[in-house]
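Me: Could you take a close look at one part of this model for me, the surroundings of the ligand, and place that part within the chain as a whole? I would like the cut-offs spelled out as you go.

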Amino acid sequence: MCGIVGYIGYRDAYPIIIKGLQRLEYRGYDSAGIALFDGENINLSKTKGKVDDLKKKAQASMSLKGSLGIGHTRWATHGAPNDKNSHPHYSNSGDLVIIHNGIIENYDAIKKELVNRGYTFSSETDTEVLVNLIEEVKLKENVKLGKAVQIALNQVVGAYAIAVIDRQKPDEIVVAKLGSPLAIGVGENEFFVASDASPFIEFTNNAIYLEDEEMAIIRLGKEIKLRKIKDDSIAYPSIQELQLNLEEIEKGGFDHFMLKEIYEQPRAILDTYRGRLLAKEGIIRMAGIDQNLEKFLNANRIIIVACGTSWHAGLVAEYIFEDLARIPVEVEYASEFRYRNPVVTDKDVLIAISQSGETADTLAAIKLAKEKGAFVFGVCNVVGSSIARETDAGAYTHAGPEIGVASTKAFTTQITVLTLMALKLAQAKGVFDRSRFHEYLTELEQIPAKVEEALLTNPLVEIISNVYKDSTNCLYLGRGYNFPVALEGALKLKEISYIHAEGYPAAEMKHGPIALIDEHMPVVVIATSKGHYEKIVSNIQEIKSRKGKIIAVVTQGDVQVRELADHVIEVPETLENLTPLLTTIPLQLLSYHIAVMRGCNVDQPRNLAKSVTVE
Ligand code: F6R
């Protein structure tokens, strides 16, 4: 993971890099560092902790002069998070300085060779090995920085987005990419480098996204030169105009990005179906499906691959595709799929779901499926991300930037896109009559307003959170469409409040988890009126008779569950297939409030990162 930022131009680099790192902290936040070239020396400061800690340390300990600099926010892979292992890293001569996002897998063998040649290392990182390998090549072959980077990268195995500066080259940054994202912002007489475009959005709308195995020599006053790392051949940059705006990546009056993003869901869902759902005309327009309709209609099955919350959205999609479009679906963890020699043929369609579009395991699963001839469709949020580019076709969720590490609006917008896809295929297959199709489209149009209503439960959810904030365990139960919601609710709680939580299909409770239930166990039950209501009422009775504390999410007007549950949270009525879009809202709020009450860092929970670019 990790976030990287670089600047070269006429402004002070320090504030640009610090602000950029803060925007990239979603990628990792266990340590941070900055290096600034003052025209003579490259000064460096780095520390365990967050970018705010770095700011304090840098301001107290180094010259902040310089219009050329690089910075890093880390999610540790090789070596514990401490000052020494933080980036940037100097080479042995002190001339070269590097920042790196990714993993160099053969770093140990390279390190041994470098040690034999007299190199010393002050950190345990693979990155310090890489910068010294570049230095060794530069000195031995007597080449310039760009060439040395290119030769060195041909000797490494792994993934990287790197930026390297050289004390002998006061007007140059060399960057390269394989497997980890890297964007170059192109301004007037200035350039920016970053893991995504957010660090430079207020300075320029023009960006170049490097492709895998490309590198660039960025030199002031010159056009950017792109080269293929393998053979040094020239590649031609395409400059893209960015759609991002500054307000979208700031908190907008909310205490946390997570809360802001929970509240953005009505708008995000609307943006997801805007221009696609034409209820009056009875049409769903999705170019990615229209152009590849035969592939979907002739598919033996759909395989969905994803991780984490996106995998939960995939589970909801499995129910929807099978129920509405009658297409068989399998949902796989990308990390398992890619390593288990799966049977995939050119008659399969693979749908990859990813908010970031950078998740390493999902990307690898896509590559595997493509090799086996499957047609690969991506459902991503981040425009121009690696997964969006790697897939044969796709549909963006248009949720806007999701900065809080815990996914919220990504989940509901993914379900929205996948529902549109299932409906479109159902219509194309002729398994839906007109009136049923129309009923779905009209109801989907109501969802943003119903999510607004579900958000009104916030004060009640806050009160309930206060009752259970000190729990050590929590069970989440749901049936049918709300089983994945139970999984998602449990994931949200554990990842931001560090309370152990499990999601289960409600009927499975009897096969083990019921043993855990006593008067100290809160059990969140999703018990909406449509879909197995009587069955779930029986499950609630089973919990009640074992003295479990019941927090029930029910449909407005519910009577039966209200009599049994300790707390009842009402959401509006909708079609059964669409209930996850509403029932998930109070569960997001519950985990948010509990985490805040426990004093946890909601937007940056420990050990996590927003974009998981390591496998
Ligand atoms: C949980 C969460 C993660 C992500 C997972 C996949 O709140 O955010 O579980 O869902 O890391 O990430 P994407 O969707 O970017 O592939």
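Reply: The domain assignment divides the chain into domain 1 (3-245), domain 2 (251-445) and domain 3 (454-600), with bounds that come from an automatic or database domain assignment. Between the C-alpha centres of domain 1 and domain 2 there are 34 Å. Their contact (heavy atoms within 4.5 Å) takes 8 residues from domain 1 and 7 residues from domain 2.

Before the details, a word on the ground rules. This is a predicted model, where local features need pLDDT of at least 70 and side-chain atom pairs count only at pLDDT 80 or more, while totals for chains, interfaces and linings use all residues. Residues are numbered from 1 along each chain as its sequence is written, and side-chain values use heavy atoms, with hydrogens and water left out.

Now to the ligand. It is surrounded by 15 residues, the closest being S310, S354, S356, T359 and E495; a residue counts here if one of its heavy atoms lies within 4 Å. Three polar contacts (pairs of N or O atoms within 3.5 Å) are worth a look. A polar side-chain atom of E495 sits 2.5 Å from a ligand oxygen. For S354, an N or O atom in the side chain is 2.6 Å from an oxygen atom of the ligand. T309 takes part through its backbone, with an N or O atom 3.0 Å from a ligand oxygen. On its own the ligand has 410 Å² of accessible area, and the protein covers 90% of that, by the Shrake-Rupley method with a 1.4 Å probe. Two or more residues of the shell come from each of α10 (308-325) and α17 (482-497); helices here are DSSP runs of H or I, at least four residues long, and strands are runs of E, at least two.

The wider setting is the largest nonpolar core, a set of 89 residues in which F296, F321, I351, F377, M421 and Y476 touch the most other members. Such a core joins buried Ala, Val, Leu, Ile, Met, Phe, Trp, Tyr and Cys residues through side-chain atoms within 4.5 Å, where buried means under 20% relative accessible area. Helix α14 (residues 409-429) gives this core its largest share, 10 residues, and domain 2 and domain 3 each supply at least three. Leaving aside residues up to four places away in sequence, M421 touches M286, I289, F296, F321, I351, F377 and V379. Apart from this core lies another, of 29 residues, including I17, V51, F192 and I403.

Technical notes. Buried means under 20% relative accessible area, exposed over 50%, partly exposed in between (1.4 Å probe, protein chains only). A polar contact is a pair of N or O atoms within 3.5 Å; within protein, one must be able to donate a hydrogen and the other to accept it, and residues adjacent in sequence count only if both atoms are side-chain atoms.
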